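Subject: Structure for your review

Dear colleague,

Please find below the sequence and the structure that I am handing over to you. My findings follow directly after them.

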Amino acid sequence: MGKHFDTFREKVGVVFDLNAASAVLDWDQQTYMPHGGAQGRAMQTSTLRRLAHEHFVSPEFEQALGAAADEVAKLDPDSDEVRIVRHVRREFDKATRVPSDWVGEFSRVTALAQQSWEAAKAQSQFSLFEPDLTRVVQMRREFADFFAPYDHVYDPLIDDFEPGMKTTEVQAVFAQLRPAQVALVREITERGRPVDDSVLRLQYDERKQWAFGEQVVRSFGYDFNRGRQDKSAHPFTTSFGQNDVRITTRLVPDYLPTAMCGTMHEAGHAMYEQGLSPTLDRTPTANGASLGMHESQSRMWENLVGRGRPFWQAFYPDLQQLFPEQLGKVDLETFYRAINKVEPSLIRTEADEATYNLHVMLRFELEVALMQGSLPVHDLPAAWNQKYQDYLGITPPDDARGVLQDIHWSFGGLGYFPTYTLGNLIASQLWEKIRQDLPDLDRSIAAKDFQPLLGWLRTHIHQHGAKFEPMELLERITGQRLTAEPYLAYLRTKFGEIYAL
Ligand code: ZN
């Protein structure tokens, strides 16, 4: 490429390296760092992040970006060069619109909010968190105003996680999804055909759980030469470049799905990052298209593959062999039903496939109301409990198991929640297209051959990284923007059969 683009890429590479280095420190902090290291680590991470930011928003960077943009202007609009420049330009404009004073104040406010949230959750007392949350909401409104004019005050928030997505589009899709999903869950509950999942709640040796998870994701195609798995309190995936993409998991001795499904989930994220085109390396475009697109990959492997019948036809004998005492006399069908049990519950992270989105949609509705000012923070717990009653037919006994359960609002992550449900919807929409393109998909999964599926994902999604906005990518692949129909059809078919609806 030309010399301006090369200069620009080198500058982008420096920012990438600094961010990757601080990601290594984050990974270490959550896996191996001794407790005493926390304060020093906070300094180191913050120094690296600050250096990265200073490089990024500098006048020299802006000049290099402008020169590169001129140089690539006549290239193919879908080329890496044009897309990298466009992507960096977008991030640069966003980063420079937000004053650094505000950024400093926001990190101070959210640090305090995380402390008060932890205390409030431990004592199940929302009032301890209320003043800080009020400040967080107020600051998120200020943030939105840096991007005025907007159609909706929530647009600039969701745009951080789901580039190009508009609040009204999410609202329209959720309006279609919610009543159908509420009705389905009600039908399942009222059907009176409860599934027994006690077999999952026996004692399972942790080392064997670990071994099984690794066997499964290795066969999926997660590359351990360019990745590794470790333990952490909250499972996550982190990337330091496409040749070092790590996952973590959490082992629970008396609940089998936590580690098993968690490992599949994180491997889904990690295979996305491992599958990026090498030509995007050391740029911010070497990343998923959005959180929703990323989540579509993790949920596809965890749920559409990993909770499906063909998968268990292949792997259940292996699992039985590992745990003959627990599973030797349990047939495949009983096990399949157990890991697909539907039951309205209070905690989002433990929710099943059929109820999960209801947890997410109600949080989205509450966030929008908070941002619009139609819901005062003080009234949040009551509004929360009302929605749980309306959508899931249950009421939290206390705020710890209700409005205080998630960390997201304490770090200011309003706009994040909807991406979880977008991930489910995108996964199903892609899955329909995959089934058309790969008519033998079930048979290959049942033969432990995941190459056709992974190959499809690499070609259509992974290699592109963040070259395209998520809805643009989805539309290029499926011919449609986001829709709830494929997901609803999937739920109806799957749970209709399990619960004989
Ligand atoms: Zn995820």
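The expected span of a helix is 1.5 Å times one less than its number of residues. Please bear in mind that this is a predicted model.

I begin with helix α11. Since α11 has 15 residues, it should span 21 Å at 1.5 Å a residue, and the 20 Å between its end C-alpha atoms agrees with this. The helix is nevertheless not straight throughout: α11 bends by about 40° at R299. As for its surroundings, 14 of the 15 residues of α11 are buried, so this helix is largely enclosed by the rest of the structure.

R299 also appears in the lining of a cavity. A search of the whole structure finds one cavity of 30 Å³ or more, and the volume of the largest cavity is about 60 Å³. Its lining consists of R299, N303, L304, E353, N424, A427, S428, Y487 and Y490. Three helices, namely α11 (291-305), α17 (418-437) and α21 (485-498), each contribute at least two residues to that lining. Sorted by class, the lining of the largest cavity comprises four nonpolar, three polar and two charged residues.

Turning from the cavity to the open pockets, I would draw your attention to the second largest pocket, which has a volume of about 410 Å³. It is lined by 18 residues, of which L304, W431, R435, Y490 and K494 are the closest to its centre. L304 and Y490 are likewise among the residues that line the largest cavity. At least two lining residues of this pocket come from each of α11, α12 (309-322), α17, α18 (441-446) and α21. Of these, α21 gives the most to the lining, with five residues. The class composition of the pocket lining is 10 nonpolar, three polar and five charged residues.

A further helix that merits description is α5. Helix α5 covers residues 100-123, 24 residues in number, and reaches 35 Å from its first C-alpha to its last, close to the 34 Å expected at 1.5 Å a residue. Its buried residues are W102, F106, V109, T110, A113, S116, W117 and A120. What covers these buried residues includes α6 (130-145).

Which residue follows α5, and what is the sign of its phi? The residue is S124, and its phi is positive, near 50°. S124 has this positive phi although it is not a glycine, and its place is in the loop between α5 and α6. With a relative accessibility of 27%, S124 counts as partly exposed, because that class lies between the buried limit of under 20% and the exposed limit of over 50%.

K448 is another non-glycine residue with a positive phi, in this case of about 60°. K448 is found in the loop between α18 and α19 (451-460). Its relative accessibility of 32% means that K448 also counts as partly exposed.

Finally, there is a point on the backbone to record. The peptide bond from A148 to P149 is cis, with omega near 0°. P149 is found in the loop between α6 and α7 (155-161).

Yours sincerely

Terms used
Residues numbered from 1 in each chain as written. Predicted model: local features only at pLDDT ≥ 70, side-chain atom pairs only at ≥ 80, totals over all residues. Heavy atoms only, no water. 1 Å grid on protein atoms, 1.4 Å probe; cavity = no way out; pocket = protein on both sides within 12 Å on 5 of 7 lines; lining within 4 Å. Points joined across faces, edges and corners; volume = space filled by probe spheres on them. Helix = DSSP H or I, 4+ residues; strand = E, 2+ residues; numbered from the N terminus. Nonpolar A, V, L, I, M, F, W, Y, C, P; charged D, E, K, R; others polar. Buried < 20%, exposed > 50% of the residue type's maximum accessible area, 1.4 Å probe, protein only. Contact = heavy atoms within 4.5 Å. Bend = angle between axes of the 7 residues up to and from the residue.
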